[in-house]
Structure formats: C-alpha cells, structure tokens
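Me: Could you take me through one small part of this protein up close, and then show me what is around it? I'm new to this, so please go step by step.

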Amino acid sequence: MRWKRRKRSHKAEKVLERLDEKLNRQMVGSLLACVHCGMCTDACHYVLANPGDTTYAPAYKADRIRRLFKRHKDWTGRIFPWWVKAGSVFTDEDLEELRDIIFGKCTNCRRCSLNCPMGVDYATFNRMARGLLVSVGIMPEGVAVVSKDQWEIGNQMGVLKEDYLETLEWMAEELQAELEDPTVAIPIDKMDCDVVYSINPREVKYDPRTIADAAKIFHIAGENWTMPSEGWDMTNFGLFSGDDELGGAVARRLYEKVIELRGKKLVISECGHGYRSTRCEAPNWGKFDVPFEMESSVITMLRYIKEGRIKVDKTRNTRPVTFHDSCNNARSCGLFEEPRELLNIVCTDVREMYPNRAENYCCTGGGGAMSMSEYTPLRLKSAKIKADQLKDTGAEIVVTSCHNCVDGLTDLIRHYKLGMEVTQLVNLVANALVIEKAGVAAEQEDEVEVKGGEG
Ligand code: SF4
Ligand code: SF4
C-alpha cells in the first residue's frame, strides 16, 4: 500500500512540526511501550460509566495521539504505516475531532497510568497533545478564556487587584470581630516573613471564608506571615492546557514575588493542581531554580498541631466525614497520609471511601473539565462512579484538599442528589481551634503557679 500525499491545513502542519519539540524520553517511552493488554481499561471512570463503548478506553484514546507519533517520528510507521496503525492529521476538522477526545474524554487523572504494567503514562502525552492543539488555537472555549485571564490579568479567574485586596481587608475585619481582637491582620507584602501564603483565585471570588480560616490559624499559631499583593495565584492553567510557556510564566510571577519579599517558605493553600504545578512541575516549565521551600498548607496545619502551636478540639466536628483524594495531590504528588492524619485529629467520625489514596477516582472535574461546558453532560455521566463511592461511605460531609475537586464534587452531588456537603481541611481545623483569650490564659497560668506553690 502506498501512502497518498494529501494537502494539509496550516494548523495541521504546525501541530506536526511542533510534535518534535515536545518529545522527551518519558513521552517517547509511553508512546512506544503500549502492548494493548487492556489492563488500564477499567481504571478509567469514563469507561466504567459508558460500558460497552470502547472509544473511552485509555489505550484507544492514547492510540489517537500515538498514530501521529508512529507516522511521523517512528521508523516502523514510516515503512509499515498500516501494520503499526500509523496515521496523520490533515484538516482542521481532524484536529477538532482530536480536541474532543483529549479535552472531552479524559481528565488527565493518571489512574490508568498507575494501572499500566508497561509504565505507559497516557495522561502525560495527552497533556502534550493538548499543548499542541492549544498552540494552533484549537481548544474548548473555556480553556481559551481562562488561559487569557491568567496571561493578562495574572490569575485564572480574572480577579482584579483591588478586589483581591478588598477581600483580604474584609476577611481581616471579620476575624477581628470574631476574635474580638482589633490587632488581628492579614499582612500584605510584609518583608522577611517565615511564610508567604498563596491562594487559588476561587477563594477570593467564591469562598473567602477559606482565607479567613487560614488567617485565623496563622494568627493563633503566632506565624510571621504575609500574603503578596501581586503574583498571589498559585493555580496554573498551563497544567491543564498543556501550555508550558503559560505554566512557566504564571509560576515565575509567584516565585519572583516570594524572592522580592525575601520570604523563607511558600505555603500553598489546598489546591491539587496548584500544588502539583507550583511545587513540582513549574520549576521545569519556567526554567527557574526556586531558592525557597514550598509546602502544602495541609502539612503546615499538621505541623502547627504537632509543634503545639495550635490546639484543636475534635468534638467540634462530629458529623461523619469522608476524604476525597485529589488526583494531583495523591496520585501525582504522594500527599495522602498527611491530610488523613490531620482529618483524624480534627474530626470524630472519619469514614474511608474505597478505593482511595493513589487509587482514588477523579472528582471528574479534573484536568480543567469544569471550564469546558460543552462536555458537561459527559462529565456528569462519568461522575456516577464517584457518586456511588461517596454514597457508600454514609458520610454527610466530603472533605478534600483541592478547590477544583470542591467544584467537581459539589456539581456531582447536586446532579445525583446525594445531599452531602463539601468542605476543606482549613475549615475544619479553624472550626476545631481552641482559642484561649489572653486574660483567661494568664489567669490559668497564675492558678498553676499558685497550685505549684502549695504543693
Ligand atoms: S495497561 Fe498499558 S500496555 Fe496495557 S493497554 Fe493500557 S496503556 Fe497499553
Ligand atoms: S488519565 Fe484518567 S480520565 Fe484519562 S484515560 Fe486515564 S483514567 Fe481515564
């Protein structure tokens, strides 16, 4: 059989040209290693929610990208294209069809990667393929909008600087009233702090209570901390869109701000993709040698308790809770024991969901899926797997250390009428905080001294 020469669209040409730049050892290994054993098939929530439809199988979806590699970069595909199922893209419609697979039928959760005996990491080259399409402007509209906001406004929800600063001021006032202490503050751009605290713009826009709760914990712990006035967004849409340039630029803004403030440690609030991007991936995207420590706020809170800097009373959180592992935190960053340890310290009734930790199912809002409204019906259909998992726990509240998962879970809980609430560890820790009023603490110390004297 002879390979027929067909004219390609400009975008198809560019995608194939750029494929070369994106290939590295890890990517090529995953593109070559699949033996089509099918062991990853049932790992995918899309497969489980669409029984009998083989087009959702990870290996099938991966082959839609692999065929390009085989045809253009692998000698077997150049000589025997029919034998190794090599193929190409020619038209913009071909690219759009690919878009609906790589954005619409995969959340890049990496559950199939974990279940592959050959070490194929489909999610990694799915992200690479997203980046190729994004580079020629083929992507879901939501991805284009959010990426533009993060490039131009500096955060992925288009929050203006004045709105951000006003929200921090408002939260500081709320805390002053709650703690009856006019000295409580959310310090902005304070130099030489031990902790610079970065957040997800969702917290400013939809969930400012998480900022107040974190501030309360820092205040009670006596932390020398600050929040940056700019470059404060620790999320990174580059992870979802596959655009390494965006990913690098976004993270550099935050890294450079911490350096400008001479901060000793960057603490990242509860956000799976933000944590993975900022701490693990973005130093490579941005080619930046990060000179300070980075920590998830989950670890910070746990440390404060262990060091005796804050005291908590778990009887303040008695409703049954379960924990949802964010794919990015757990599967990609190994952060699954610390949140459980913390949860068990601040709650009385913790119920595990199965499977969990690295084997947990995606909230189905991962990989930027919440921004891609055209795929919402498919997302919610695939969320049945997560809904069943949640229901089986019998818990009233699902706790997660990821803002993206909060949205994904909230949406599926509403859709499947589960009647559960979604919250984060910061809220539970803040609720369990034992706050000793200065006068009361001093009185208690005096009492101890007096008792000591009597003995
Ligand atoms: S488990 Fe690995 S080798 Fe088997 S089909 Fe899936 S990706 Fe291919
Ligand atoms: S990365 Fe997740 S969503 Fe994508 S194919 Fe694998 S298991 Fe399915």
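Reply: Let's start with one side chain: that of Glu230 makes a polar contact with the side chain of Lys161, at 3.4 Å. Keep in mind that this is a predicted model. Where is Glu230? It sits in the loop that links β2 to α13 (238-241). Leaving out residues up to four places away in sequence, Glu230 touches Lys161 and Lys257. Its relative accessible area is 43%, so it counts as partly exposed, a class that runs between the 20% and 50% cut-offs. For a sense of scale, Glu230 and Glu337 are 107 residues apart in sequence, and their C-alpha atoms are 32 Å apart in space.

Now follow that loop to its other end, at α13 (238-241). Gly238 is met there by another side chain: Arg127 reaches the backbone oxygen of Gly238 at 3.0 Å. Arg127 belongs to helix α8 (residues 122-134). Is Arg127 buried or exposed? Its relative accessibility is 13%, which is under the 20% cut-off, so Arg127 counts as buried. Apart from neighbours within four places in sequence, its contacts are Asn108, Gly238, Leu239, Gly242, Asp243, Asp244 and Trp285.

Stay with α8 for a moment. The largest nonpolar core has 59 residues, and Phe103, Phe125, Tyr255 and Leu266 have the most contacts inside it. Helix α8 gives the most to this core, with seven residues. Take Phe125: beyond residues up to four places away in sequence, it touches Met27, Ser30, Leu31, Ala62, Ile65, Arg66 and Val120. A separate second core has 45 residues, among them Ala172, Leu179, Ile199 and Val267. As a general rule, nonpolar side chains in soluble globular proteins tend to be buried together.

Next, go back to the loop's other end, β2, and the sheet it belongs to. The sheet is open, with four parallel strands in the order β2-β1-β3-β4. β2 (225-226) and β4 (293-296) each have a single partner strand, so one side of each has no neighbour in the sheet. In the middle, β1 (residues 195-198) pairs with β3 (residues 265-268) over three bridges, while four bridges join β3 to β4. Ile268 is a handy landmark: it is the bridge partner of Ser198, and it also stands opposite Ser296 in β4.

What lies against these strands? Helix α15 (residues 272-285) lies across β3 and β4, at about 160 degrees to β3. Helix α16 (residues 297-306) also packs on the sheet, where it touches β1, β3 and β4, and its direction makes about 85 degrees with that of β4. Together, β3, α15 and β4 form a right-handed β-α-β unit.

To finish, look at how covered α16 is: seven of its ten residues are buried. They are Ser297, Val298, Thr300, Met301, Leu302, Tyr304 and Ile305. These buried residues pack against β1, β3 and β4, and also against the helices α12 (209-221), α18 (337-346) and α22 (425-432). After α16 comes Gly308, with a positive phi near 75 degrees.

Conventions:
Residues numbered from 1 in each chain as written. Chains lettered and ligands numbered in written order. Predicted model: local features only at pLDDT ≥ 70, side-chain atom pairs only at ≥ 80, totals over all residues. Heavy atoms only, no water. Pairing = 2+ DSSP bridges. Helix = DSSP H or I, 4+ residues; strand = E, 2+ residues; numbered from the N terminus. Contact = heavy atoms within 4.5 Å. Axes fitted to C-alpha atoms, helices over the stretch in contact; angles between N-to-C directions. Buried < 20%, exposed > 50% of the residue type's maximum accessible area, 1.4 Å probe, protein only. Polar contact = N/O pair within 3.5 Å; in protein donor to acceptor, adjacent residues only side chain to side chain. Right-handed = clockwise from strand over helix to strand, strands pointing away. Core = buried A, V, L, I, M, F, W, Y, C linked by side-chain atoms within 4.5 Å.
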